[in-house]
Amino acid sequence: MKRAPGVLTIAGSDSGAGAGVQADARTIHALGGYALTAITAITAQNTRGVQRWAPVASGLLAAQLGSVLDDFPVAAVKTGLLTGPAAIRAVVEALARHPGIPLVVDPVLGSTTGTRFLSDAGVRTLRRGLLPRATLVTPNWPEVALLTGRPVRTWAEAEQAGRELLAQCGGAVLVKGGHGPGPACRDCLLLSNGTVRWFSRRRIATRNTHGTGCVLSAAIATGLAHGWNLEEAVCRACEFLQQALLSGKRVRRGAGAGAAFPG
Ligand code: PXL
């Protein structure tokens, strides 16, 4: 059997396992990767929401990053919940010592249920420090609006904001369409060479959207770790998420149950 490539997720712990490192590790494993983790925060949450949370000290985050990156062959990295400037600087400094590793940044600002995780100062550090290092950034509509200062209310505005973010980033941008209107979910991939590709799928009627961004970015990172090109990794990750959402529909609890898994 082919050895599973190491995929490092830098993310928060979700005690309910719908999002965060738990969702990432399941996704990476399901797609044939070996999940390595650096935990940025601990959340106490369930399907009803986030009851309490606290960041992990940035020195302890830096130590986790050093332990993993100095020892394991890491084929791709993804970031999820980052808590502020110090945590983001720890990630930037650790990755600067490993410049060749592909990086997927899911710019998590808060939870689907309304808890804000990243401060305004954190957003500035993310934009200036981490986004220029990213192979791919995966904002949803509210996130791309906040990162660019442009309102996003239509598919055309989503693409326009994506172009603006692309100009700031250097890497590629995937503007996820889950917040858009209508029966289709349309994700817009903007590559650094100017190519724009839309991935359109039937919208799944479910309240269980908690953790979908985590699953998607972890799946893309695992695809990159397998050596697939960006378009292929994105396309297959969207398909994996679609299947996860279809099985998650059957989970009947609060809105935050998260996307379950096929099989
Ligand atoms: O889906 C965003 C997210 C990421 N990471 C953790 C979370 C959440 C949302 O609740 O709890 C740990």
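Good morning. I begin with the largest pocket, which has a volume of about 1000 Å³. Of the 44 residues in its lining, those closest to the centre are Thr112, Asn140, Thr209, Thr212 and Gly213. Several elements give two or more residues to this lining: the strands β1, β2 (34–46), β8 and β9, together with the helices α5 (141–148), α7 and α8 (230–248). Please keep in mind throughout that this is a predicted model.

Let me turn to the sheet. It is open, has nine strands, and follows the order β3-β2-β1-β4-β5-β6-β7-β8-β9 with mixed pairing. β3 (49–55) and β9 (196–202) are the edge strands; each has a single partner, so one side of each is left without a neighbour in the sheet. As a general reminder, strands of a sheet pair through backbone hydrogen bonds, in either the parallel or the antiparallel sense.

Consider β4 (74–79). On one side, β1 and β4 run parallel and are joined by five bridges, with Ile10 opposite Thr79 in β4. β4 also runs parallel to β5, to which three bridges join it, and here Val77 stands opposite Leu103 in β5. How many of the six residues of β4 are buried? Five of them are, so that the strand is mostly covered.

Helix α7, residues 212–225, lies across β1 (6–14), β4, β5 (103–105), β6 (136–137) and β7 (172–175). The angle at which α7 runs to β4 is about 160 degrees. This helix is also among the elements that contribute two or more residues to the pocket lining.

At the other end of the strand order, β8, residues 184–190, pairs with β9 in the antiparallel sense over seven bridges. Within this pair, Leu190 stands opposite Val196, and Ala184 stands opposite Arg202. Five residues lie between the two strands of this hairpin, where Gly194 takes a positive phi near 95 degrees.

I close with the cysteines. How many disulfides does a search of the whole structure find? The search finds zero. The closest cysteine sulfur to that of Cys185 belongs to Cys238, at 7.8 Å, which is too far for a bond; the cut-off applied is 2.5 Å. For Cys188, the nearest cysteine sulfur is again that of Cys238, 12 Å away, and Cys188 is in no disulfide.

Is Cys188 buried or exposed? Its relative accessibility is 1%, so Cys188 counts as buried; the threshold for that class is under 20%. Cys238, placed in helix α8, is buried as well, with a relative accessible area of 5%.

What does Cys238 touch, leaving aside residues up to four places away in sequence? Its contacts are Asp187, Arg201 and Leu216. In addition, the C-alpha atoms of Cys238 and Phe199 are separated by 8.1 Å, although the two residues are 39 apart along the chain. Helix α8, where Cys238 is found, is also one of the elements that give two or more residues to the lining of the largest pocket, with which I began. Thank you for your attention.

Definitions and conventions
Residues numbered from 1 in each chain as written. Predicted model: local features only at pLDDT ≥ 70, side-chain atom pairs only at ≥ 80, totals over all residues. Heavy atoms only, no water. Pairing = 2+ DSSP bridges. Helix = DSSP H or I, 4+ residues; strand = E, 2+ residues; numbered from the N terminus. Contact = heavy atoms within 4.5 Å. Axes fitted to C-alpha atoms, helices over the stretch in contact; angles between N-to-C directions. Buried < 20%, exposed > 50% of the residue type's maximum accessible area, 1.4 Å probe, protein only. 1 Å grid on protein atoms, 1.4 Å probe; cavity = no way out; pocket = protein on both sides within 12 Å on 5 of 7 lines; lining within 4 Å. Points joined across faces, edges and corners; volume = space filled by probe spheres on them.
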